[in-house]
Amino acid sequence: MSESNTRVPAAATGSVRRSRDVPMLVERARDGDPRAVARLITLVESGDETVPAIAAALAPYTGRAQVVGLTGSPGVGKSTTTNELVRALRAHGHRVGVLAIDPSSPFTGGAILGDRVRMQDHATDPGVYIRSMSSRGHLGGLSAATPQAVRVLEGAGCDVVLVETVGVGQAEVEVASLADTTLVLLAPGMGDAIQAVKAGILEIADVFVVNKADRDGADATVRDIQGMIALGERGPGQWRPQVVRAVAARGEGIDDVAVAIDKHRAWLVEHDELRRRREARAAAEVEAIALGVLRARIGSLRDGTQLPALAAEVAAGATDPYAAAEALLAQLAG
């Protein structure tokens with residue numbers, strides 16, 4: 001699906017880049033046209049009015065790809081590891097899609113979208129599609145449009161979709177609700193044993209990757225993570241997170257990471273956990289869409305008379321905020 005390997009007539013290319021013809025775009029994306037894939041992701045990322053039609057057209061082709069999330073603090077080597085994972089997956093004949101989420105400036109709203117610069121090895125591979133996306137201020141390490149972008153890549157025939165988050169802190173765990181398997185990347189020198197037992201991002205890992213394992217302190221990092229895992233309570237048959245060493249910059253340990261992902265996938269299928277996770281993901285996606293619609297409607301109420309009137313009553317002590325909220329919800333339901 002690499003753009004440089006797919007030749008499309010100039011007239012067709014121009015029409016795809018500007019098109020909002022959903023059936024045509026989906027058909028071309030299914031045929032592996034990277035420009036159609038790019039256009040569909042642009043439409044969902046911009047919140048275009050065609051997004052519901054895109055979701056409906058893609059629905060029959062979704063739910064088949066393996067979604068793998070990669071997350072961790074800035075500088076642990078997420079992009080380099082993603083690049084090497086793509087290489088390993090392509091060696092096994094998988095078509096791979098990559099969504100690399102970059103942070104947006106809180107001041108200008110801009111983003112460098114530089115993660116894909118580290119993945120130039122695959123720029124001419126027709127079996128790989130790489131897209132950088134701006135977080136656009138969305139918290140949690142992802143972009144609000146990431147779930148729909150994953151659907152586009154599934155619909156385009158990707159066997160595996162890798163989702164690389166922005167550099168995250170301890171509390172940004174949204175990727176776990178999107179991915180079938182979540183990789184948390186660590187590096188030596190990122191903290192001590194106390195850091196390892198804190199709540200947050202370390203709790204979401206299905207696989208821990210201790211990257212830059214050739215550095216001093218790697219053994220201590222592995223011991224701390226293994227100690228944290230040992231503290232967890234697990235029933236019979238529950239998944240025990242794997243700990244894998246890697247030096248992604250040299251391609252070392254990446255095959256072991258791929259094996260750990262495959263083991264987790266097999267466990268998910270065997271214990272019917274894959275179905276449960278995907279249903280939970282769908283529920284979260286439906287809820288997010290519904291809440292977005294409600295927020296839009298509440299925003300439109302600000303231009304009317306009821307919300308200002310209710311706010312005035314609350315400020316004057318004539319009613320309480322809960323009663324006002326109930327009245328507002330009744331208005332929305334109407």
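Tutor: Two strands count as paired if DSSP finds at least two bridges between them. Keep that cut-off in mind as we look at this predicted model.

Student: Happy to! What makes strand E1 and strand E4 a pair?

Tutor: Five bridges join E1 (residues 66-72) to E4 (residues 160-164). The rule asks for at least two, so E1 and E4 pair. The two strands run parallel, and Gly69 stands opposite Val163 in E4.

Student: How do you know that strand E6 pairs with strand E7?

Tutor: By the same reasoning. Four bridges join E6 (residues 207-210) to E7 (residues 242-245), and at least two are needed, so these strands pair. They are parallel, with Val210 standing opposite Arg245 in E7.

Student: And why is the crossover from E6 to E7 called right-handed?

Tutor: The chain goes from E6 through helix H9 (residues 218-231) to E7. With the strands pointing away from the viewer, a clockwise path over the helix is called right-handed, and this β-α-β crossover is therefore right-handed.

Student: Where do these strands sit in the sheet, and what is its order?

Tutor: It is an open sheet of seven strands, ordered E3-E2-E4-E1-E5-E6-E7, with parallel pairing.

Student: What makes E3 and E7 the edge strands?

Tutor: Strand E3 (128-134) and E7 each pair on one side only. On average, neighbouring strands of this sheet are turned by 20° against each other, direction ignored.

Student: Now the largest pocket: what makes a residue part of its lining?

Tutor: A lining residue has an atom within 4 Å of a pocket point, and 29 residues line this one. Ala144, Ala145, Pro147, Ala288 and Ile289 lie nearest the centre of the pocket, whose volume is about 810 Å³.

Student: Which helix gives the most to that lining, and what classes of residue are there?

Tutor: Helix H11 gives the most, with eight residues. By class, the lining has 14 nonpolar, six polar and nine charged residues. Domain 1 (62-271) and domain 2 (282-333) each supply at least three residues of the lining.

Technical notes: Residues numbered from 1 in each chain as written. Predicted model: local features only at pLDDT ≥ 70, side-chain atom pairs only at ≥ 80, totals over all residues. Heavy atoms only, no water. 1 Å grid on protein atoms, 1.4 Å probe; cavity = no way out; pocket = protein on both sides within 12 Å on 5 of 7 lines; lining within 4 Å. Points joined across faces, edges and corners; volume = space filled by probe spheres on them. Nonpolar A, V, L, I, M, F, W, Y, C, P; charged D, E, K, R; others polar. Domains from an automatic or database assignment. Axes fitted to C-alpha atoms, helices over the stretch in contact; angles between N-to-C directions.
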